[in-house]
Structures are given as C-alpha cells and as structure tokens.
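Biologist: Before I dock anything into this one, could you walk me through it? I'll ask, and you can reason your way to each answer.

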Amino acid sequence: MGESVNLVEIKGVYKCYHKKAKPKEYAVYKVNLNIKKGEILGLVGESGCGKSSLAKMILKLEQPTKGKILFNEQDITDYSFSQMRKIRNRMQMVFQDSTNAFNPYYTVEQIISEPLNNYSNESEKEKEKKIVSMLEKVGLNKTYLTRYSHEMSGGQRQRIGIARALILHPEFVVCDEAVSSIDYALKKQILNLLTDLKQQFGLTYLFISHDIAAVNKICDRVVVMYLGNIVEVISNINENVQHPYTKALLAATLFPDPKKRRKNTVLFREGEEIKVPEKGCVFQNRCFYAQNICKTKQPDLMTQKDGHEVACHLYHHC
Ligand SMILES: Nc1ncnc2c1ncn2[C@@H]1O[C@H](COP(=O)(O)OP(=O)(O)OP(=O)(O)O)[C@@H](O)[C@H]1O
Ligand SMILES: [Mg+2]
C-alpha cells in the first residue's frame, strides 16, 4: 500500500466564484487530496458542495483561487494553454450535463473523432474502426455515427461523452455523474467497461456521484464533501464511517422507505436553510452530536492509522 504513487496532488486548493464571498463561503475550501495512480476515487456530497468545481480545477477548466494542482509530479497550476495542450490528451472528463457538452452541428462521428484528430495521425479508416468499436463498448452501434447530439436521448449522449473521453486511452478520467441517467443494465455494462479499461491500461478515475452506495461498489476510496470542504476520506463505507454527515448521507440513501429514512438521518429537515457557519465546523448546524468546540474551532482533516481521514472533533483525540 505504501508503494502507491500519486497521479494528482491537490494542495491547499480554494475556489471562489464571487469576489464578495467570505472564505467560508467558497465553492471549494482548503482541499488537500491525492489521487493515486490506478485507483478509482469516488467523490460524493450534496448538490452544490463543490464536486464539479474541484474536478474542473484538476483538469484546469477552472483556475484555483489559491493552492496548487500537480499532475504526474508536475505543478500545472500556472500552465499556459499550450503547455496544457501537451498533457490534455492524458486527462479527460465526462461531463455531468452532456446536453451542452457537444457542438450541436457535429455528428457523433465528428464528436468522437475530435480527440483523435487532435492527438493521433491515423488514417480515416483506422479512426472509423476505432470509433465504431468504442460505440459498441458503450452499448451503441455504427448507425449512430451520422446522428447529431439533439437526435439522441440523455443517456445516449452520456455514452457518447464516455466514448469520446476514453477513445485516446487517457491516464486520468473524471466521470461527473457519468452514469446517472443511464438505466440499470447499461449502467452495469458501462461500469464494467470503466473497470476493465482501468485494469487493461492502468487508468485512474475520479468518479463523481450523488449516490454514495453505488460509488462505494466500484471505488477504492470515497471522498465526502460538504459545503466545499472534505469531511471524510474512507476506503469502505460499509465498515467504518465516522463523520456524522457521511452517516446521514448513507442513511438517506440506504433506506428506501421514506419514514425510516427520516428517522435515520439528520439531512433534509424541511424548511431548513443551509448556511455556512462563520466559524467552527461547517456541519455544526445540522449535526446531532455538535459540542461547544464544534461551534468555535474548525476540525482539520486528520489521517488515522489505516489511512482513513476524517474532519470531526468527535474523532480527534489529543
Ligand atoms: N461558473 C460558476 N460561477 C459562479 N458560481 C459557480 C460556478 N460554478 C459553480 N458555482 C457555484 O459553486 C458551488 C459549487 O458548485 P459545483 O458545480 O462545484 O457543485 P456540485 O457539487 O458539482 O453540485 P451538483 O451535484 O449539483 O453538480 C455552487 O454554489 C455553485 O452555484
Ligand atoms: Mg456537479
């Protein structure tokens, strides 16, 4: 375990979109995280907690307000467009909203061949063969080559996004809710494809999803974010979840019966407005276990012996 090498290092990263925002209101707040080569890292948390913002900063689609991003040990934080171009083919993203991700005037063939045209010099025939084979892997076929993105369903568009992201066999792929609008059987097929490719080519994934249980199935570790902060990093959510927020998130997902869910969770209190506290722990307002210290001191993300990381005073024993 100790041998693992980091593909991505996120060091003290903050993201602020609004000039007037107080630091505590930043979309991403003081994030430190390493993504190891060959791992599938899950990223979960409620809508608006900063998952996509963090992912976009890793790929340099957004610039961090503060902090550093390293890829393969190179500090890419201040890389120019042309410097990024050299490594862009090694990092890909499957976007959350595939509706707007594609040029509406492009056919599926043009959409998927874009990265091939930019980064490889194969013949048209070879390219088409590759594209058709990738289409089949995501459960589509060559009849889709001539379609435009508006002529497809949301799930089909998402699969085109996955095909485009994987066509160059990148080193690192961010899947932002990549399989959420795909039905069960196909979802399984695509998750299998992602894990097969990981095994074949040693790919590394950042897998963003609302569904903590689904993420846990395919991920080596799961990162839990709350209001821009990482609150827990855990290797198996079935074993040793510690942070009250993660517990609540799990309870909310795992109990399909709404009555039971309400009892087991501190989330989703009706009419509740979620505000970022001025000081102390970000989760204090919604936490059943909040103590005095939680109102004054923000808990650091601390690493335990087994590599489990948690930012909660309940687990910080001095
Ligand atoms: N380009 C932007 N300009 C201004 N604010 C933004 C921008 N992008 C994101 N935000 C804000 O930053 C916060 C985090 O957004 P982000 O998209 O990272 O959340 P998320 O965790 O991906 O949510 P979801 O699960 O809904 O996709 C939100 O409050 C959002 O409104
Ligand atoms: Mg998002």
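**Helices, ligand and a buried loop residue**

Biologist: In which helix is Leu 186 found?
Modeller: First the ground rules: this is a predicted model, where local features need pLDDT of at least 70, side-chain atom pairs count only at pLDDT 80 or more, and totals for chains, interfaces and linings use all residues, while side-chain values use heavy atoms, without hydrogens or water. Residues are numbered from 1 along each chain as its sequence is written, with chains lettered from A and ligands numbered from 1 in the order written. Helices (H or I, at least four residues) and strands (E, at least two) are DSSP runs numbered from the N terminus. On that basis, Leu 186 sits in helix H6.

Biologist: Is Leu 186 buried or exposed?
Modeller: Buried means under 20% relative accessible area, exposed over 50%, and partly exposed in between (1.4 Å probe, protein chains only). Leu 186 comes out at 13%, so it counts as buried.

Biologist: Which residues touch Leu 186, beyond its sequence neighbours?
Modeller: Contact here means heavy atoms within 4.5 Å. Gly 155 is 31 residues away in sequence, with its C-alpha 9.5 Å from that of Leu 186. Setting aside neighbours within four places, the contacts of Leu 186 are Gly 139 and Arg 159.

Biologist: How are the buried residues of H6 arranged around its axis?
Modeller: The buried residues are Leu 186, Ile 190, Leu 191, Leu 193, Leu 194, Leu 197 and Lys 198. Seen down the axis, they fall within an arc of 150° (taken from the directions from the helix axis to the C-beta atoms), so they line one face of the helix. A general rule helps here: an α-helix has 3.6 residues a turn, so residues three or four places apart point the same way. The face turned away from the buried side of H6 carries the exposed Tyr 184, Ala 185, Gln 199 and Gln 200, and the buried residues themselves line one face.

Biologist: How many residues of H5 are buried?
Modeller: The buried residues of H5 pack against strand E6 (91-94), helix H3 (108-119), H4, E7, H6 and E8. H5 is mostly covered, and of its 13 residues the buried ones number twelve.

Biologist: Now the ligand: how much of the accessible area of ligand 1 does the protein cover?
Modeller: Ligand 1 is surrounded by 13 residues (each with a heavy atom within 4 Å), the closest being Ser 47, Gly 48, Lys 51, Ser 53 and Gln 96. Oxygen atoms of the ligand lie 2.8 Å from a polar side-chain atom of Lys 51, and 2.8 Å from a side-chain N or O atom of Ser 52. Of the 630 Å² that ligand 1 has on its own (Shrake-Rupley, 1.4 Å probe), the protein covers 62%.

Biologist: With which side chain does the side chain of Gln 242 make a polar contact?
Modeller: Gln 242 lies in the loop between strand E10 (229-234) and helix H8 (244-254), and at 8% relative accessibility Gln 242 counts as buried. A polar contact is a pair of N or O atoms within 3.5 Å; within protein, one must be able to donate a hydrogen and the other to accept it, and residues adjacent in sequence count only if both atoms are side-chain atoms. At 2.8 Å, the partner of Gln 242 is the side chain of Gln 304.
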